[in-house]
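Subject: Structure handover

Hello,

Please find the structure for your project below. My notes follow it.

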Amino acid sequence: MDWFQYRDGQLFCEDVNLDKLASSVGTPVYVYSQRTFEHHFEELNKAFAELDPLICYSIKSCGNIHLIKLLADRGAGMDVVSGGELHRAKLAGVAMNKIVYAGVGKTDAEIREAIDADIGYFNIESEAEFENISAIARSLGKTAHGTLRINPDVSDPNTHAKTTTGKKETKFGVDIDRARKFFETYGRDEHCRLTAIHLHLGSPIYSPAPYVLAINKTLTLIEELRAKDLTIDTIDIGGGFAADYESGRSPSYETYAEAIVPLLKGKGLKVILEPGRTIAGNAGVLLARVQYIKTGGRKKFVIVDSGMHQLLRPAMYEAFHFIWPTNVAPQHEPSRRSEQMDMPGLEMTDIVGPICETGDILAKERGLPPVARGDLLAIFTAGAYGMVMASQYNAMPRPAEVLVSGSNATIIRRRETYEDLTALEMETASV
Ligand SMILES: Cc1ncc(COP(=O)(O)O)c(C=O)c1O
């Protein structure tokens, strides 16, 4: 569900015509719909209302401070994985007690800073990390709070191998058997209060079934731990709810909630969710301009001014993004977004970027209405894991980001310049 819609063959974000916007701010540019962002947050909240959850938006999915602030203003907490993300959350005015801090490699400096800020929870990934957090809290004369990240050994067959995390053999968390021992050893620590369990199965998870399996395993563990007089008052079920890369592909929030809420209701547990993609994914598009059209053998290539350096997902995960011109004839106005568009007059095309890598492909063998040099293409569902993964590879400045609300458009991150590319190299220092 999003507010990127065609009107008389022209693509709009809410009430802003994207061709006009691109002419004014240039390309490539990420464009976000405020209404879509807020809609997903509110709908998710509504679906899980019976549990009164704390929704900690996953900053890693789309971390512009103006977008973080939109959600923080609506009561959201944040899931962060680095000192840099914590810095973003602070700048956006997020309540620090609503921060959960994950990540397998937190440094001492990052831990100290987070304890000083009185964050809600550290999601703890190993025995060594627990001991380190506890020792740092002790040295600061403070009490930290921890959730133990467990691996319930559950995964979704539809999740890409590079983004599945709930299996036993991942670098994240500890397996359930080790979790018992973990709580027995550390569950009564005074400097890091370990009273919560965290899981994250991977992303995207296209069905509630893996959550049900994992939560049931976790509830059994919680019962066992409580029977040993250990306090477990919180469960964090992570992120992973899907986004609509193709129309109607992701389950509704109600579908997830109908399966998950009854399991957790009345269990004396505060519930935390860590959604990223499901809120940000459909809220953003990447606009790119066609530079050249060429053929290679039997192939037709459309070369655009954006690529893997600005949207890595197709190259990294073979991810599908629907791509369509922003300005089309009536017969090519898409009523849905899909890999197979059943329309007359489409041309089989590879859409590629300018980077000197054969893998710089945004879409392969895709039916596309005829396009010409200078046309504008929209790469849909690019809000999550888009701009946050953008690099300056090949010394290409990163795109601008624009936030649309109704008929207003605001640049929330200016386009990088060549000076930005070299700014940090201007001063040298002997060491
Ligand atoms: C621990 C954790 N929580 C939440 C998320 C957010 O996942 P998603 O964007 O699929 O909701 C991730 C993604 O990698 C994660 O690792």
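The notes cover the domains, the ligand shell, one helix and the nonpolar core.

This is a predicted model, in which local features need pLDDT of at least 70 and side-chain atom pairs count only at pLDDT 80 or more, while totals for chains, interfaces and linings use all residues. Residues are numbered from 1 along each chain as its sequence is written.

Domains

The chain is assigned domain 1 (4-32 + 281-424) and domain 2 (35-278); such bounds come from an automatic or database domain assignment. Their C-alpha centres are 32 Å apart. Between them, 27 residues of domain 1 are in contact with 22 residues of domain 2, where contact means that the C-beta atoms, placed from the backbone, lie within 7 Å. On the side of domain 1 that touches domain 2, the elements giving two or more residues are helix 11 (313-317), strand 20 (400-405) and strand 21 (408-413). Helices (H or I, at least four residues) and strands (E, at least two) are DSSP runs, numbered from the N terminus. Strand 20 gives the most to this side, with three residues. By class, this side of domain 1 has twelve nonpolar, nine polar and six charged residues. Here Ala, Val, Leu, Ile, Met, Phe, Trp, Tyr, Cys and Pro count as nonpolar, Asp, Glu, Lys and Arg as charged, and the others, Gly among them, as polar.

Ligand

There are 17 residues around the ligand, and Ser58, Ser203, Gly239, Gly276 and Arg277 come nearest; a residue is counted if its C-beta atom, placed from the backbone, lies within 6 Å. The shell divides into five nonpolar, nine polar and three charged residues.

Helix 1

Leu18, Leu21 and Ala22 of helix 1 (residues 18-25) are buried, that is, 20 or more other C-beta atoms, placed from the backbone, lie within 10 Å of their own (exposed: 12 or fewer; partly exposed: in between). The three are on the same side of helix 1 because they cover an arc of only 95° around the axis, taken from the directions from the helix axis to the C-beta atoms. Exposed Ser23 and Ser24 are on the face turned away from the buried side. Gly26, just after helix 1, has a positive phi of about 85°.

Core

The largest nonpolar core (buried Ala, Val, Leu, Ile, Met, Phe, Trp, Tyr and Cys joined through C-beta atoms within 7 Å) has 117 residues. Val31, Met78, Tyr101, Leu287 and Ile379 have the most contacts inside it. Helix 8 (residues 209-227) contributes the largest share, six residues. Both domain 1 and domain 2 give residues to this core, so it lies between them.

Regards

Methods. Contact = placed C-beta atoms within 7 Å.
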